[in-house]
Amino acid sequence: MAQADMTPPEGAAADWTVPQDWSAYTPGEHAMWDRLFERQAAMLPGRVVPEFLEGLDILRMARPGIPDFAELSERLMKRTGWQVVAVPGLVPDRVFFAHLANRRFVAGRFIRRPEQIDYLQEPDVFHDVFGHVPLLTHPAFADYMQAYGEGGLRADGLGSIDHLARLYWYTVEFGLMRHGDDLRLYGAGIVSSFGESVFALEDASPNRIGFDLKRLMRTQYRIDDYQQSYFVIDSFEDLLRKTSDVDFGPIYRELETESDVAPDVVLAQDRVYHRGSQDHARAKMPC
Ligand code: HBI
Ligand code: FE
């Protein structure tokens, strides 16, 4: 994220928010949302954590069309004090952290075009609102997201955003959770993607490794393809416990002296749920 350009774009407020302007969406845009929603709603039951489906119900997200952020915020505010605000796209890290620290989730207002249905670089309204917002109805996860924002503002002051961003990446975006003897999805980057919702749980290629805070913050990640490792938490309460009464300062200092871990590696100390073949990544490598 280029931090130099902290001036908000034309039409955005000082905190980079813009009106969602819900009435400006076209029927084609609403139809794109419905197509993406129906595909995920049909395949997630049995794959996603129950808390996600409960969040969809609480927020009445099954209704047709792109949700109105004001309506989502009204329901969210009552549950966990969160609201959803519209932004033009990726915002500078500090702006992002400040919104999270104040229980405001920033969501892109644009929706992908048909030719982008299975992959786009910037988070659109389907990734942000379908992927991220339902779990904000869960108290422990809502607290975790606010703590991440507060931690991000501190990390920015320490020059440690890159290490902290890995925590967000391997939990909020691509996290898995234990569910009895099985695993379930909860990461927004997974649940908003048809292909990765299958790959992350069922494919033999990626590693699935038990959550360990420091180990995870050493681990690099890919932004251009399915993940080569997924990390597994026991519950949102456990994730919150393991990250909230922790002084990150000493961890950041230790991380400066330790080498990064490549995305495909399994370490001796890892709690291994599945040791991946990495066939998917190998097939993608230039020969
Ligand atoms: N901006 N709109 C938006 N959405 C994000 O998820 C986001 C962002 N800016 C920065 C960012 N994420 C990450 O780089 C931080 O976790 C560091
Ligand atoms: Fe996201």
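**View 1. Aromatic rings pair up in this predicted model.**
The count of aromatic pairs comes to 19. A good one to start with is Phe52 with Phe130, an edge-to-face pair whose ring centres are 5.3 Å apart and whose planes make an angle of 70 degrees. Phe52 sits in helix α2 (residues 50–58) and Phe130 in helix α5, so this pair links distant parts of the chain, 78 residues apart. Are these two rings buried or exposed? Phe52 has a relative accessible area of 0%, so Phe52 is buried. Phe130 is also at 0% relative accessibility and counts as buried. Both residues belong to one aromatic cluster, which is formed by Trp33, Phe37, Phe52, Phe126 and Phe130.

**View 2. A helix meets a strand through the rings of Phe199 and Tyr230.**
Look for Phe199 in helix α9 and Tyr230 in strand β6; they are 31 residues apart in sequence, and their pairing ties these parts together. Why is the pair called edge-to-face? The planes of the two rings stand at 65 degrees, with the centres 6.4 Å apart, and planes over 60 degrees apart count as edge-to-face. Phe199 and Tyr230 are both buried.

**View 3. Strand β6 is covered on both faces.**
Strand β6 spans residues 229–233, and five of its five residues are buried. On one side you will find Ser229, Phe231 and Ile233, while Tyr230 and Val232 are on the other. Which strands run alongside β6? Strand β3 (residues 176–179) is parallel to β6 and joined to it by two bridges. Strand β5 (residues 207–210) also runs parallel to β6, with four bridges joining the two. To find the pairings by eye, look for Leu176, whose bridge partner in β6 is Val232, and for Ile209, whose partner in β6 is Phe231.

**View 4. Val198 lies in helix α9 and touches residues from elsewhere in the chain.**
Helix α9 covers residues 194–202, and Val198 is found in it. Leaving aside residues up to four places away in sequence, Val198 touches Met43, Arg47 and Asp203. How far is Val198 from Leu44? Their C-alpha atoms are separated by 9.2 Å, although the two residues are 154 residues apart along the chain. With a relative accessible area of 28%, Val198 is partly exposed.

**View 5. An iron ion is held by two histidines and a glutamate.**
The iron ion (ligand 2) is coordinated by NE2 of His127, NE2 of His132 and two OE donors of Glu173, at 2.0 to 2.8 Å. Along the chain, these donors follow the spacing H-x4-H-x40-E. His127 is in helix α5 (residues 125–132) and Glu173 in helix α7 (residues 161–173), 46 residues apart, so the site draws on distant parts of the chain. Why is the site called irregular? The angles among its four donor atoms range from 51 to 133 degrees, and tetrahedral would require all angles to lie between 85 and 135 degrees. His127 is buried, with a relative accessible area of 13%, and Glu173 is buried too, at 10%.

**View 6. Asp118 and Arg39 form a salt bridge.**
The number of salt bridges comes to 19. In the one between Asp118 and Arg39, the closest N and O atoms are 2.8 Å apart. Asp118 lies in the loop between β2 (104–108) and α5, whereas Arg39 lies in helix α1 (residues 27–43), so the pair ties together parts that are 79 residues apart in sequence. Asp118 is exposed, at 52% relative accessibility, while Arg39 is partly exposed, at 26%.

**View 7. More salt bridges join charged side chains.**
Arg63 and Glu71 meet at 2.6 Å, N to O. Arg63, at 44% relative accessibility, is partly exposed, and so is Glu71, at 32%. Another salt bridge joins Arg166 and Asp260 at 2.8 Å. Arg166 is in helix α7 and Asp260 in the loop between α12 (248–257) and β7 (272–274), so this pair connects parts 94 residues apart in sequence. Is Arg166 buried or exposed? Arg166 is buried, with a relative accessible area of 10%, whereas Asp260 is partly exposed, at 34%. Finally, look for Lys214, Arg218, Glu254 and Glu258, which are linked in a network of salt bridges.

Notes: Residues are numbered from 1 along each chain as its sequence is written. Chains are lettered from A and ligands numbered from 1 in the order in which they are written. This is a predicted model: local features need pLDDT of at least 70, side-chain atom pairs count only at pLDDT 80 or more; totals for chains, interfaces and linings use all residues. Side-chain values use heavy atoms; hydrogens and water are left out. Donors are N, O and S atoms within 2.8 Å of the metal (3.2 Å for Na, K and Ca); water is not among the atoms, so sites may look incomplete. Four donors count as tetrahedral if all angles lie between 85 and 135 degrees; four count as square planar and six as octahedral if opposite donors are over 155 degrees apart and all others between 65 and 115; anything else is irregular. Buried means under 20% relative accessible area, exposed over 50%, partly exposed in between (1.4 Å probe, protein chains only). A salt bridge is a side-chain nitrogen of Lys or Arg within 4 Å of a carboxyl oxygen of Asp or Glu. Contact means heavy atoms within 4.5 Å. Two strands pair if DSSP finds at least two bridges between them. Rings of Phe, Tyr and Trp (its six-membered ring) pair if their centres lie within 6.5 Å; planes under 30 degrees apart count as stacked, over 60 as edge-to-face and the rest as tilted.
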